[in-house]
Amino acid sequence: MDKMNSEKMIRKSFSWFWLIAGLLYFFLPLLATFLFSLKGKKGVLSFVAYQHVFADPNFLNTFRFSLQMSVCTVLAGLGIIVPTAIWIHLRVPKAKPVIEFFTLLPFVIPPIILAFGLIRCYAKPPFALTTSPALLVAGYVVISFPYIYRAVDAGLSVMDLQMLTEAAQSLGAGWGSILFRIILPNLRTALLSAIFLTFATVIGELTLAVLLAWPAFGPYMAFVGRDLAYEPAALAILSFAMTWGAIMLIQIASRGVSGSRFSSGDIH
Amino acid sequence: MGFIELEGISKNFGCNTVVNELSLSVKKGEFVSFLGGSGCGKTTMLRMIAGFETPSKGSILINNVNVSNIPPARRKLGMVFQNYALFPNMTARKNIGFGLRISGIPRTETEKRVDEMLDLIHMTQFGDHYPHQLSGGQQQRVALARAIIVKPGALLLDEPLSALDAKIRIQLRDDIRAIQQQLGITTIYVTHDQEEALSISDRVAVMREGRIEQIGTPLNIYNRPATSYVASFIGTLNMFYGSVVDAEKGVVTVGESLLRTAESISVDSGKTVRVAIRPEALSLFNNETMSDANFLPGRIETIKFLGSTVRFIIKFEDKFISMDCFNTPQFKMPQKGEQVSVTFSREACQILPGDAIPFCYHE
Amino acid sequence: MPDISAQGRPHTTDAGHISFFRLYAHRIRRQARWLGLAPFFIFLFAFMIIPASSLIVGSFQDNTGALTFDNFIHLLKPNIVSSYLITINLSATTAVLGGLGGLLIAYAISLGGLPQGIRSFVSTFSGVASNFAGVPLAFAFISTLGRAGFITVLLRSIFGIDLYDTGFNLYSFWGLSLTYIYFQIPLMVLIIQPALDGMKKEWREASENLGASAFQYWFHVGIPVLLPSLSAAVILLFGNAFGAYATAYALTGGLINLVPILIGAQIRGNVLHDPNLGYALAFGMIIIMTASIIAYLWLQRLSSRWIK
C-alpha cells in the first residue's frame, strides 16, 4: 500500500528468503542422508542398514563404552565443578573472572592438542595413565568443563545463593541440608542441561578416543565409514536424533521445572 | 487551523483498539502534553504522529499537509525517546550532528551549529564523550539537541524524563520548557506524571482508553476536572457519593451532612453524584470562616507531617477526609484524636456525575 | 589457644604490632578461602595446563632433551608451511562464509519480523546443529554429496549433470568448507543473536526520524555498532575451524594436509618420526589460537560497552 508497509514487506521477504535458504542447506543433507540410509537393499527402501548397525556387536560394545565414559564424565565433572562454583559464589566472588578466563582455555587448547599433551605427560612412569580409561574421562571433563561451569554458574546466579544460605542458617539448617535441600533442588534445571550437553558431546567424541586408542563409539563410526556405504548414513541419522533428543530434553527440563515451581508457588 | 491536526485517529492492534477516534488541534508554538496511565494510547498516538505506526483510521495533518502516508524520515519532526536512543558508536558531537551530516550540510556549518547546540544544553565540555560515558540526564540533553538541531516542524517527546532521578527530572523539565519557549517550537509531550504535565504544558490532554478524557490548561484541568477519572488522576482528591437535594440551589447530602455548592447542579434532584474536594481546600474552623461555608464535624485519626504541609486524615461519620494545612509558624497543630470542625468554601465543593463504576480515590 | 582469626579486625587502634598481627590474621583467613578452589585448579593444571605447556617446552627440545630451535626451522618446510596456509585459508573461508550465513539467519529471526515460533525453533536447531560436528556430519555429507551421494545421483539421473565433472569434489578444499560451514552457521547464530537483540529499535527510529534512509542507518549506526561483535564472532569461528580434527579426519581420512591432521598423524606415529617437530606444530597452533582468543576478548570488551 504505502511506502512504510512496502519497506516492512521487503524486510520480511528478505528474512523469509534467508531463513528458507538456511533451512534448505540444513535439512537437505539430513533428508538426503536419511533416504540414503534406507537404500541398504537394492531397489527398495528399507531399514536394513539400521538392522545391520544394531546387529553389529561392536556397535553395542562401543556404544556401551562411550555411555559409561559419559556417565563417568558427568559424575566427575559435576563432582569437581558444582562445589567449586558454589564456593566461588559464596566465599570468593573475586575468583569469578579467573574461572571465566579458564573456561576459555579449552578453546585455545582444542582436543587434538589436549590429546597430544596428555599422551606426552602420562605415557611413561611415574604417571603411566594412558592405559587407564581415567585419563580419557579426565580429558572429557576438561572438554566439557566450559559447558558445565556456565550452566551451573547461570543457575547459581539467578538464585541469590548468599541470601538463601543465610536465610537457611538463620532457620537452623546445617551445611548438609543447605546443599541437598536448598541449593541442589534449585539447580536442577542447570544440572540437567549440563548433563545432557555433556552426553551429547562425549557420546560421539572422536579425537581423544581415537588418539588415546579406546574402542569408543566415535572411532567405531569412523571405522565403519571406511568400509561400508549405507550403515554410516544410518549412524549419522541416529546420532543426529540423539543430539536433538538431548537438546530437547534440556528444553523440556528447563520448562518443566520452572512450570512446576510456578504452580507450587500458586498453592502457597 | 492548528499546526498539527489529528482528525478522528484510531489504531487497532488485532482486535485491540489502542487509540479510539481521537481528534486534537495543536497551535503553532504550543506545548501540549498527553497525560495518562500505561496503556491509555498516549505513546501510540505520538508514534503515529512521528510515523512509526500507521493509523487504522483518520488522518494526521502537519502544517496543512496530510502526512499519513509520508515515511518518518520525510516528516521533519524531532523525536526524543524514553531511553535516549543515542547512537552508541558516536560521541555527543557526532550524535547531535547526525541529522545535518546525513542531509549533506557542509562540515563547517554542521560543526558551528553543533557548538551552538552544546552551548544551549550546557554541555560544551562533554562534546567528545561517548554516550556510555555520560549520565542519564546528560544523554537526554544530547538527545534533545540531536532532535532540535535539524529545526524540525515539531518536537515529540516520549516520556523523556521517566528513566531519570527525581532531582534531575525537575531540572531537565524546566530546561526543556525554557528551550521550547526560546525556539518557539510546537511540542507534544507524553508522560504519566501529572506534576510534570501540569508544570510544563500550555495544555494538557488527559487520556484514557484511547480517548482524550479532557483537554485544557493545567489550571483548568486541576480546578475544573470534567470527569471523576480526571479528578482522581490529577492530584489528591477526597471523593464521596452524595445525592442531590436541590439541583437549583446546589445542595447535596453526603451521609448525614448537607453540603452546598457555588453553582447549580446539572443533575436532577434525588440522583446520585460524586462530590470532590481537594485536601488543600479544607481548613480547620476558626472565627474568620465565612458563615455560608460548608462544615463537617470529625475526629483527627492520623497526622502526616510532610514538611511544608501537614496532612490530616479526619474521620467523619464512617468516612475519611484528607486535609492539607501549611506548616506556618502561626499554625496551631491539633492533636490526634481531637474533635475538630473542618470547613471549606462552596467553590471547593465540586459535583461530578456519579459513574457506574464504583470507586473511591483516597490517599 | 584462642582463635585469633575469629576476632581479627583490620582496623583496631591498639598498639601497632597487635593491629598489624590482627590484620595479618584476617588476611590469611581471607586468602584461605581460595584454598577451596584447590581441587578444581589441581585438576585443571594436571589435565590441561601442564600437558599443554609440556608441548610448548617440548617444541624447544631435541630428542635428547637439549634446548634447540631446530623444530621451528623445520616448521618452515614447504609441506608444513602449506598445511598452515591451507588450514588458515579453510578456517578463514568457513568463518567468513559461515559468519555471513549465520548473521543473515540471526537477522531474519531477530529483526526481520518473523513469527516468534520460528525464532525458538531456529535457536534450538542451532544448538543441535552446532553440536552435530565430527564423524556423523562427515557421513551426512558423504551420503549427500559424495560420489554415490543422494544429491549427486539425483542430479546425474534426472538432470544428467555430473557434479564431479564440473570440478566439484567433496574431499577437496571446497567440499570440506561446505561441510565445516554446516556447524559454523549455527554457531554464528548462537553467538551473534544476543548482539542483534541488543540493537535498540529506537536507534533505527531515531535515525529515520532525523531523515536517514535504511542504507544510511546501517552505514552510520547499524554496522559500526555491530562490527566489534561481528569480528569477535568470526574470530571465534576461525578458531573453531582451526582446531577441528574429527570432521576432517572422518571426511578425508587424512588426505588433506591440515594442521590438526598433521598433528594427529604425528601422535599416531605413522607419518613423521620426530615428536619434537610435532610439539612445534602444536605450539604453532596454540599461538594462533591464543592470538585469536585475545583478539576475541578485546573486541568483546569493546562491544559490551555499546550493547548491554
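Trainee: What makes up the area buried between chain A and chain C, and how much area is that?

Mentor: In this predicted model, about 7,100 Å² is buried between chain A and chain C, and carbon and sulfur atoms give 81% of that. Phe107(A), Phe116(A) and Arg120(A) supply 11% of the area that chain A buries against chain C, more than any other three residues.

Trainee: Why quote an area lost for an interface?

Mentor: Because the size of an interface is often given that way, as the accessible area lost when the parts come together. The figure of about 7,100 Å² for chain A and chain C is summed over both parts, so it shouldn't be read as the loss of one chain.

Trainee: How many residues of chain A are in contact with chain C, and what does "contact" ask for?

Mentor: 77 residues of chain A are in contact with 81 residues of chain C. The cut-off is heavy atoms within 4.5 Å, so each of those residues has a heavy atom within that distance of the other chain.

Trainee: Which helix gives the most to that side of chain A, and how does the side divide by class?

Mentor: Helix α1 (residues 3-37) of chain A gives the most, with 20 residues. By class, that side has 58 nonpolar, 12 polar and 7 charged residues. Arg120(A) counts as charged, whereas Phe107(A) and Phe116(A) count as nonpolar, because the classes go by residue type.

Trainee: What is the salt bridge count between chain A and chain C?

Mentor: The count is 0, though the rule does find 11 residue pairs in polar contact there, both residues being at pLDDT 80 or more.

Trainee: Now chain B and chain C. Why is the pair Glu205(C) and Arg47(B) called a salt bridge?

Mentor: Set the distance against the cut-off. The closest N and O atoms of Glu205(C) and Arg47(B) are 2.6 Å apart. The rule asks for a side-chain nitrogen of Lys or Arg within 4 Å of a carboxyl oxygen of Asp or Glu, so this pair qualifies. Across the interface of chain B and chain C, the rule finds 1 salt bridge.

Trainee: What else describes the interface of chain B and chain C?

Mentor: About 2,000 Å² is buried there, with carbon and sulfur atoms giving 64%. Pro88(B), Asn89(B) and Ile102(B) supply 26% of what chain B buries against chain C, more than any other three residues. In contacts, it's 22 residues of chain B with 19 of chain C. The side of chain B has 15 nonpolar, 5 polar and 2 charged residues across the classes.

Trainee: How do you know that the domains of chain C touch, with centres 41 Å apart?

Mentor: The assignment gives domain 1 (4-59) and domain 2 (75-306). Contact is judged on heavy atoms within 4.5 Å, so the distance between centres doesn't settle it. 5 residues of domain 1 of chain C are in contact with 6 residues of domain 2 of chain C, and about 490 Å² is buried between them. Leu55(C), Ile56(C) and Ser59(C) together make up 76% of what the domain 1 side buries.

Trainee: Where does pLDDT stay under 50 in chain A?

Mentor: Over residues 258-268 of chain A, for which the model has 2 contacts beyond four places in sequence. Confidence in chain A is lowest in helix α11 (residues 230-267), at a mean of 69, although the mean for chain A is 83. Where pLDDT is low, the predicted coordinates should not be read in detail.

Methods
Residues are numbered from 1 along each chain as its sequence is written. Chains are lettered from A and ligands numbered from 1 in the order in which they are written. This is a predicted model: local features need pLDDT of at least 70, side-chain atom pairs count only at pLDDT 80 or more; totals for chains, interfaces and linings use all residues. Side-chain values use heavy atoms; hydrogens and water are left out. pLDDT is the predictor's confidence in each residue, from 0 to 100. Helices (H or I, at least four residues) and strands (E, at least two) are DSSP runs, numbered from the N terminus. Buried area is the accessible area (1.4 Å probe) that two parts lose on being put together, summed over both. A polar contact is a pair of N or O atoms within 3.5 Å; within protein, one must be able to donate a hydrogen and the other to accept it, and residues adjacent in sequence count only if both atoms are side-chain atoms. Domain bounds come from an automatic or database domain assignment.
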